[in-house]
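Colleague: I'm new to this one and keep tripping over the vocabulary. Could you walk me through it and tell me how you arrive at each word?

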Amino acid sequence: ELTMKNLYLLLLAGITAVLLTGCAVGKSGAEQEEDRLKIVCTIFPAYDWVKQILGDEADGAELTLLMKNGTDMHSYQPTVWDMTKIAKADLFIYVGGESDFWVGDALENTKNPERKELNLMELLENSVKEEEHVDGMKKSRGHEEHEEKEEAPEYDEHVWLSLRNAENVCSRITDLLCELDDIHAAV
């Protein structure tokens, strides 16, 4: 005879079985989060390129932009949150010019032998243009003190403004993503 109490116990047993089966088959939220490809970009153009290259797979990656809208890349200082993101990154993409004076220390302090790093200025070294100084331009930091000294040339860090550079960077980003995620390399 099926009583209300027996029906309740049967329903409870069924729900428990479904929950336990779901937990056994799937990964926990922490495990799924750990499996996600973690990519950190210092500037929006690199962030947007990665997002476009990942396409439909972008939702399966943790993509972080460090310099939010309105941040001056010339005076940026990473936060503890930024350093944690860099430390856990599978891929870290940065400009690599004078404005990224903080990157060397950040990479040294967040050792990660598995992390791949892409320095845009280094990648594009042969196509990076020397910065032009025109009368009336504001001098960058440190120039006032060394004006009379012979200095090494400064290079224009705005490498993303060239379509040829963008093509070269996107090609390298694609190669690195394929190395990091061979399952989705064909995508």
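Modeller: Sure, starting with a spot at the end of a helix: helix 3 is followed by Gly 55, whose phi is positive, near 55°. This is a predicted model, where local features need pLDDT of at least 70, side-chain atom pairs count only at pLDDT 80 or more, and totals for chains, interfaces and linings use all residues. Residues are numbered from 1 along each chain as its sequence is written, and side-chain values use heavy atoms, with hydrogens and water left out.

Colleague: What makes something a helix or a strand here?

Modeller: Both are DSSP runs numbered from the N terminus: helices are H or I with at least four residues, strands are E with at least two. Helix 3, for one, covers residues 44-54.

Colleague: Why is Tyr 47 called buried or exposed?

Modeller: Buried means under 20% relative accessible area, exposed means over 50%, and partly exposed is in between (1.4 Å probe, protein chains only). Tyr 47 has 18% relative accessibility, so Tyr 47 counts as buried. Phe 44 has 46%, so Phe 44 is partly exposed.

Colleague: Which residues of helix 3 are buried, and what covers them?

Modeller: The buried ones are Pro 45, Ala 46, Tyr 47, Trp 49, Val 50 and Leu 54. Their cover includes strand 1 (37-41), strand 2 (61-65), strand 3 (91-94) and helix 7 (163-180).

Colleague: Why is the Phe 44 and Tyr 47 pair called tilted?

Modeller: Rings of Phe, Tyr and Trp (its six-membered ring) pair if their centres lie within 6.5 Å; planes under 30 degrees apart are stacked, over 60 edge-to-face, and the rest tilted. Here the centres are 5.9 Å apart and the planes are at 35°, so the pair is tilted. Phe 44 and Tyr 47 both lie in helix 3, about one turn of the helix apart. The whole structure has 3 aromatic pairs.

Colleague: What makes a group of residues a nonpolar core?

Modeller: The members are buried Ala, Val, Leu, Ile, Met, Phe, Trp, Tyr and Cys residues joined through side-chain atoms within 4.5 Å. The largest such core has 41 residues, and Ile 39, Phe 92, Ile 93 and Trp 102 have the most contacts inside it. Elements giving two or more residues to this core include helix 3, helix 4 (80-88) and helix 5 (103-109).

Colleague: Why is Thr 110 called buried or exposed, and what does its side chain reach?

Modeller: Thr 110 has a relative accessible area of 6%, so Thr 110 is buried. The side chain of Thr 110 reaches the backbone oxygen of Ala 106 at 2.6 Å. Thr 110 sits in the loop between helix 5 and strand 4 (116-119).

Colleague: How do you know that Arg 115 and Glu 117 form a salt bridge?

Modeller: The rule asks for a side-chain nitrogen of Lys or Arg within 4 Å of a carboxyl oxygen of Asp or Glu. The closest N and O atoms of Arg 115 and Glu 117 are 3.0 Å apart, which fits the rule. Arg 115 is at 8% relative accessibility, so Arg 115 counts as buried, while Glu 117 at 38% counts as partly exposed.

Colleague: Which residues share salt-bridge partners in one network?

Modeller: Glu 179 meets Lys 116 at 3.2 Å, N to O. That pair links distant parts of the chain, with Glu 179 in helix 7 and Lys 116 in strand 4, 63 residues apart. Glu 179 also bridges to Arg 172, the closest N and O atoms being 3.9 Å apart. Shared partners join Lys 116, Arg 172 and Glu 179 into one network.

Note on methods. Contact = heavy atoms within 4.5 Å. Polar contact = N/O pair within 3.5 Å; in protein donor to acceptor, adjacent residues only side chain to side chain.
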